[in-house]
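Subject: Handing over the structure

Dear colleague,

I am passing on to you the structure we talked about, together with its sequence. Please look at it for yourself before you read my notes underneath.

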Amino acid sequence: MSERAAEVPPTDADEQDDDQITDSATPDAATGDTESATETTPTPVTNGAQSVVRALENAGVEYAFGVQGGAIMPVYDALYDSEIYHVTMAHEQAAAHAADAYGIVSGEPGICLATSGPGATNLVTGIADADMDSDPLVALTGQVPTEFVGNDAFQETDTTGVTKPVTKDNTFSSDPDRVGTDVSEAFALAREGRPGPTLVDLPKDVTNAETDREPAAAKTPDTYHVQEQADSEIVAGAAERLENAARPVMLLGGGVIKGEASEACREFAIEHEIPVVTTMPGIGAFPEDHELSMEMAGMHGTGFANMAITHCDTMLAIGTRFDDRLTGGIETFAPDAEIIHIDIDPAEISKNIYADYPLIGDAETVVDQLSTAVETSPEAKKWRAQCQQWKSDYSMAYEAPEDEPVQPEFVVEALDEATADDTIVTTGVGQHQMWACQYWTYTEPRTWVSSHGLGTMGYGLPAAIGARLAADDDQDVVCIDGDGSFLMTLQELSVAVRENLDITVAVLNNEYIGMVRQWQDAFFEGRHSASDYHWMPEFDKLAEAFGAAGFRIDDYDDVAETIEAAIAYDGPSVIDVHIDPEANVYPMVPSGGDNGQFALTEDQL
C-alpha cells in the first residue's frame, strides 16, 4: 500500500475545521503500519457506530473516502479514534469513484461513506459504475432515525430502494447488536465470487444506540454459494475442441484480472501459442508487447483484434460478459467460432453470446482445469502467421505533421515512454479514454483503471486519488482526461493537493465533448448540438489556483519537456494539452455493426 499519505500528517484535532475532524488518523495509520495497533487492546464497543468501524478494522480496511453529514455523524465520530485513514472528498460521487478505483488496484473492497438523502443519492452514479464493472466496493450511508423513516423527514431518501438495482447486496440495518455484522457481511459479499458493490444503510438511532456486541468476522452468509470448479465433462469437451482448433483465440475480460487469473492465462496462451485478444476491462491481463497479443477488440479496438475475432474457429472467452461495445452485432460476432466461456457468474453464460462449452467457476481454477485437460497444442502455425499479417496490415499508425495541431496519440505515447511499465493509468470517458487504450502499451494487470459499462464522465481524477492510495509508493499514477470529463469533478484537485498525492493529470483539451462531436460529424450531418465546449477555462491556471502545479502544451516542441517536468513534480500536476480539435478515434465499428467491417476513416462509416 502507498505511503504517500504519510508525507502530510493530518492536522491536530484541536486545529481542525469542524467539517474535517474525521481526517484524524495518525501517519502510521495512513501507511498501514499496524504494529502499534497490535500492541494495544482495542477499546470496547459501546455503540452501533463503533461496531461499524470495528467491522471495517477487523476486515483490514486502511482507507475510507467520504463526506461528513448529519445522519452519518455517529460513524464519523467513531472513525475519529480509528486508525483507518479517512479521506474527505469534495463530492460524494468522487468518494464512490475513489473507493471504486482503490478496489480495482488493491483487489480489496474500497469504502465510501455519505450521509442520508442527497449524500446517499450522490453516491449512486459511482455505485452503479462499480456494479456495471464488477468492482468491489462497500458504501455506508447514514439514514434518518427509524421512527422517522417513511415520513419524508429532512434529508430522507429510501436509499436501499434507490440502490437495489445497482448493488450486489444492500441492507437496511435496524439492530444495533447486528449492525457491525451487517457491515462485515457487506465487505465479504463485495469481494467474494463475482465482485461488486454492496451498501449498508445506517439509521442514526441505530449507530447512536448502546451495544457491546463485537461484529462477526467478514464472511458471506451461509446461503451464499460460489461454484469454484467447472463440470469436468464440459472441461474435457472444451479441451478437445481447443486441441483440434485451426484458428483459436483467447478472449480475456475483466474477470481474469479480478479473479487473479492473469498469470494462469498468460502461461496457458504462451504454452499453446494461442493469440490473445482482450476486452477493454481486460486490458493488462496479457502483456501487449508480447507477439501473441492482439490487444483490445470491439468498437474502438484494433483492426487486427477484430479480424482475429471475426475469423477464429474456437474462442476461449474468460471473465467477459460479451457487452455490446465488444460484440457489435450479435449475429456477426465470431460467426464461425465455437465458444468456450469461463465465468464465475452463471447469469453471464449464454446471456449475450451462446456458449457451446459453458464452464462456470473461478477463472484461475477453471483455467488450471483446462491446462491439465489439454494434452496437445492446436496446430495453428498458419493462423498465427495470419494474425501477425493483420497486425502489419492494420497497424495503429497516425500522422503528426509538425505544422498542424498536436495529435492526441502522440501525447499518449509520450506519456507512456516517460513512465515505468507498472504505471497506473486512470481515465474519464470519451475520445481520450480510447486513445489511452490504443496508444499506451499495458503489460501488467491492475494498471488500467477506467469506467467501462456505465461510461461515467468525470471518473478519471477521483479514480486517480483512489488508485494513488492503493498503489505501491514507487508506482506512477497518470490520469488521461478530456476537458469535458475533467470539468465534471475537477474540485477533487483540492483533495489531491491537501493529501499531497503524487498524480499527473493530462487533459487532452479539444474544447468539445469529443466523442459526441465525432458521432455528430459521422451520423448527424456535422450539427454540433451542445457538444461545442469553446468556453473551457485555462486548466493549467486553474490547477495553480487549487495549489497544484499547472503546465500547458500547445505544440510538439513542448511535449517531452513538459511531460517530464509534470511527472517529476512531487505532488499533483495538471497538463492542459491543446490537441487537434478535429482528431477522431479510429478504428471504429458503428454501434451494432460487424467487427470485421471496421472503419478507418469517416468516409467508411
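What follows is a short account of what was found, going from the whole chain to its salt bridges and its surface.

Please keep in mind throughout that this is a predicted model.

The whole chain

The protein chain has 24 helices and 18 strands, and its C-alpha atoms fill a box of roughly 70 × 60 × 45 Å along the principal axes. For a chain of 605 residues, a compact globule would have a radius of gyration near 25 Å, and the value for this chain is 24 Å, which agrees with that expectation. Of the 605 residues, 58% count as buried.

A good residue to look up as an example is Ile111, which sits in strand E3, residues 110-114. Its relative accessible area is 0%, so Ile111 is buried, the cut-off for that word being under 20%. Ile111 also shows how the fold brings parts of the sequence together, since Tyr63 is 48 residues away from Ile111 in sequence, while the two C-alpha atoms are 7.2 Å apart in space.

Salt bridges

The structure holds 19 salt bridges, and three of them are described here one by one.

In one of them, Glu214 pairs with Arg54, and their closest N and O atoms are 2.8 Å apart. Glu214 lies in the loop between helix H9 (204-208) and helix H10 (232-243), whereas Arg54 belongs to helix H3 (residues 48-58), so this pair ties together parts that are 160 residues apart in sequence. The two partners differ in their surroundings, because Glu214 is partly exposed, with a relative accessible area of 38%, while Arg54 is buried, with 9%.

Another salt bridge joins Arg191 to Glu108, with 3.0 Å between the closest N and O atoms. This pair, too, links distant parts of the chain, as Arg191 is in helix H8 (residues 179-191) and Glu108 is in the loop between helix H5 (92-106) and E3, 83 residues apart. Here Arg191 is partly exposed, with a relative accessible area of 29%, and Glu108 is partly exposed as well, with 33%.

A further salt bridge is formed by Arg384 and Glu273, whose closest N and O atoms are 3.6 Å apart. Arg384 lies in helix H16 (residues 381-393) and Glu273 in the loop between H12 and strand E8 (276-278), so that parts 111 residues apart in sequence are tied together by this pair. Arg384 is buried, with a relative accessible area of 18%, and Glu273 counts as partly exposed at 40%. Apart from these pairs, you will find that Arg194, Asp345, Glu348 and Lys351 are joined into one network by salt bridges that share partners.

The surface

Which residues form a negative surface patch? They are Glu263, Glu267, Glu271, Asp289, Glu364, Asp368, Asp421 and Glu444. Two elements, helix H12 (262-272) and helix H15 (363-373), give two or more residues to this patch, and the largest share, 3 residues, comes from H12. Glu444, one of the patch residues, is placed in the loop between helix H18 (431-439) and strand E14 (448-449), and with a relative accessible area of 35% Glu444 is partly exposed.

With kind regards

Methods
Residues are numbered from 1 along each chain as its sequence is written. This is a predicted model: local features need pLDDT of at least 70, side-chain atom pairs count only at pLDDT 80 or more; totals for chains, interfaces and linings use all residues. Side-chain values use heavy atoms; hydrogens and water are left out. Patches are made of residues with over 30% relative accessible area and no salt bridge: like charges are joined within 9 Å, nonpolar side chains (Val, Leu, Ile, Met, Phe, Trp, Tyr) within 5 Å. Accessible areas come from the Shrake-Rupley method with a 1.4 Å probe; for residues, only the protein chains shown count as cover. A salt bridge is a side-chain nitrogen of Lys or Arg within 4 Å of a carboxyl oxygen of Asp or Glu. Lys and Arg count as positive and Asp and Glu as negative; His and the chain ends are not counted. The place of a charge is taken as NZ of Lys, CZ of Arg, CG of Asp or CD of Glu. Helices (H or I, at least four residues) and strands (E, at least two) are DSSP runs, numbered from the N terminus. Buried means under 20% relative accessible area, exposed over 50%, partly exposed in between (1.4 Å probe, protein chains only). The radius of gyration is taken over C-alpha atoms; the globule rule is 2.2 Å times the number of residues to the power 0.38.
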